[in-house]
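Student: I would like to go through this model by asking about burial, pairing and charge contacts. Can we take one point at a time?

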Amino acid sequence: MTAWTPLHLRDVTLPNRVWLSPMCQYSADGDGVPTDWHLAHYGARAAGGVGMVMVECTAVAPDMRTTARDLGLWNEQQVAGHRRLVEVIATVGSVPAVQLGVAGRKSSHGVPWDNAGTRSAVPPREGGWQPLAPSAVPFAGLAVPREMSTTDGTRLLEDLERAARGAHRAGYRLLELHGANGYLFHEFLSPLANRRTDGWGGDLQDRMRFPLEMVRALRSGWPEDKPLVVRLPAEDLLEGGLTTDDMTTVATRLGTSGVDMVDLSSGALVPESLRLTAPLHNARYGPLFRTAGMRTAASGLVFEAAHLDEAVPGLVDAVFVGRALLRDPYWALRARGSDPIESWPRQYHRAF
Ligand SMILES: Cc1cc2nc3c(=O)[nH]c(=O)nc-3n(C[C@H](O)[C@H](O)[C@H](O)COP(=O)(O)O)c2cc1C
């Protein structure tokens, strides 16, 4: 088995295990609807031989966006826009998937190119909104969030279920919940962001309670025959934060809650936490999570074909590739190497 071997998850066959990692384009039309940029960007990567195109973090509600230019899935206009995207991705030969996001305290900031790459809060008077989070503990540089009430929680679970139904109706074949990188799911899990004293805070079992509700809500809006993936940190790597023992416990619970795979992506709970420094950083945690009975994928500093050989099957079942595919939509075809005529689109065969 190699990274180019198909993978079956529920009723979906992924033609290979090299997948486009979800990457925000901050290019929605302001109402969360995909634009022609998304069609061109995802279409090119789908033609570039990845087995799955994971469309970027797509918000389940307006106040759960990171920025005003995020994609959304809470109304019919957005579902129609996503349907166009799905058709392009599937037509050129990849499996269309979408990541649903709930930004939590990392909500309401500007797009990266407006502020030299750093996140800065956009207040309500400038078109932003107040973030909601497990506790009123801010992410440095962003607004102090409002602590979620049980009413907020009920509303969010409805938003998740509706977004999952929308993703299904748009034609997506795989759904991922963004549970990592300091977004709301991760904030509930981590004792560094969750200071609650009610039933949603306390020890790991209690901190897991709302995240598991989120998964249940998604599963009830997403058909049984389609796979559900959760992007998770493997650990916080911060004093007092989540450990690998905590996270394998979480993964095991996800496995019994209808989740088919965990996608490991550590860091970013706080600005100074972990910058990726070594190839396959997250994939190296893969074997720990396999023993929790889950299928595993990971992203992080995969820039060479040799990294794919090292990762699959030794470390993980599949690899998400991010920045290498931003630089070059045909990265996967080049990494595959040996038989260009077979693997490149037939429209391009005369190039060889
Ligand atoms: C421009 C950009 C946008 C990103 N947006 C998302 C996102 O929407 N959801 C997510 O889970 N990760 C996001 N990430 C993280 C990537 O999916 C990936 O995990 C990370 O870049 C590490 O993989 P790489 O070294 O192959 O790029 C983003 C990364 C970049 C560079």
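Student: Is Arg295 buried, partly exposed or exposed?
Tutor: The model is predicted, and the accessibility is computed from it. Buried means under 20% relative accessible area and exposed means over 50%. Arg295 has a relative accessibility of 33%, so Arg295 counts as partly exposed.

Student: With which residue does Arg295 form a salt bridge?
Tutor: The closest N and O atoms of the pair are 3.9 Å apart, and the cut-off for a salt bridge is 4 Å. The partner is buried, with a relative accessible area of 8%. Arg295 forms the salt bridge with Asp317.

Student: How many residues apart in sequence are the parts that Arg295 and Asp317 tie together?
Tutor: Arg295 and Asp317 meet in a salt bridge with N and O atoms 3.9 Å apart. Arg295 lies in strand S12 (residues 295-299), and Asp317 lies in the loop between helix H9 (305-311) and strand S13 (318-321), so the pair ties together parts that are 22 residues apart in sequence.

Student: Which strands does the salt bridge between Asp263 and Arg231 involve?
Tutor: The two side chains meet at 2.6 Å, N to O. The pair ties together parts 32 residues apart in sequence, because Arg231 lies in strand S10 and Asp263 in strand S11.

Student: Are Asp263 and Arg231 buried or exposed?
Tutor: The cut-off for buried is under 20% relative accessible area. Asp263 has 0% relative accessibility, and Arg231 has 4%. Asp263 counts as buried, and Arg231 likewise counts as buried.

Student: How many residues apart are Arg155 and Asp159 in helix H3?
Tutor: Their side chains meet in a salt bridge at 2.7 Å, N to O. In an α-helix there are 3.6 residues a turn, so residues three or four places apart point the same way. Arg155 is partly exposed at 26%, while Asp159 is buried at 5%. Within H3 (residues 150-170), about one turn separates the two, which is 4 residues.

Student: How many salt bridges are there by this rule, and which residues are linked in a network?
Tutor: The rule asks for a side-chain nitrogen of Lys or Arg within 4 Å of a carboxyl oxygen of Asp or Glu. The count comes to 19 salt bridges. The residues linked in a network are Arg10, Arg219, Glu224 and Asp260.

Student: Why is strand S9 largely enclosed by the rest of the structure?
Tutor: In a regular strand the side chains alternate between the two faces of the sheet. On one side of S9, Leu174, Glu176 and His178 are buried, and on the other side Leu175 and Leu177 are buried. S9 (residues 174-178) is therefore largely enclosed, with 5 of the 5 residues buried.

Student: In which sense do S6 and S10 run relative to S9?
Tutor: S6 (residues 95-101) pairs with S9 over 4 bridges, with Ala97 opposite Leu174. S10 is joined to S9 by 4 bridges, with Leu177 opposite Val230. S6 pairs with S9 in the parallel sense, and S9 and S10 also run parallel.

Student: How far apart are the end C-alpha atoms of helix H7?
Tutor: H7 (residues 244-255) has 12 residues, so at 1.5 Å a residue the expected span is 16 Å. The distance between its end C-alpha atoms agrees, at 16 Å.

Note on methods. Residues are numbered from 1 along each chain as its sequence is written. This is a predicted model: local features need pLDDT of at least 70, side-chain atom pairs count only at pLDDT 80 or more; totals for chains, interfaces and linings use all residues. Side-chain values use heavy atoms; hydrogens and water are left out. The expected span of a helix is 1.5 Å times one less than its number of residues. Buried means under 20% relative accessible area, exposed over 50%, partly exposed in between (1.4 Å probe, protein chains only). Two strands pair if DSSP finds at least two bridges between them.
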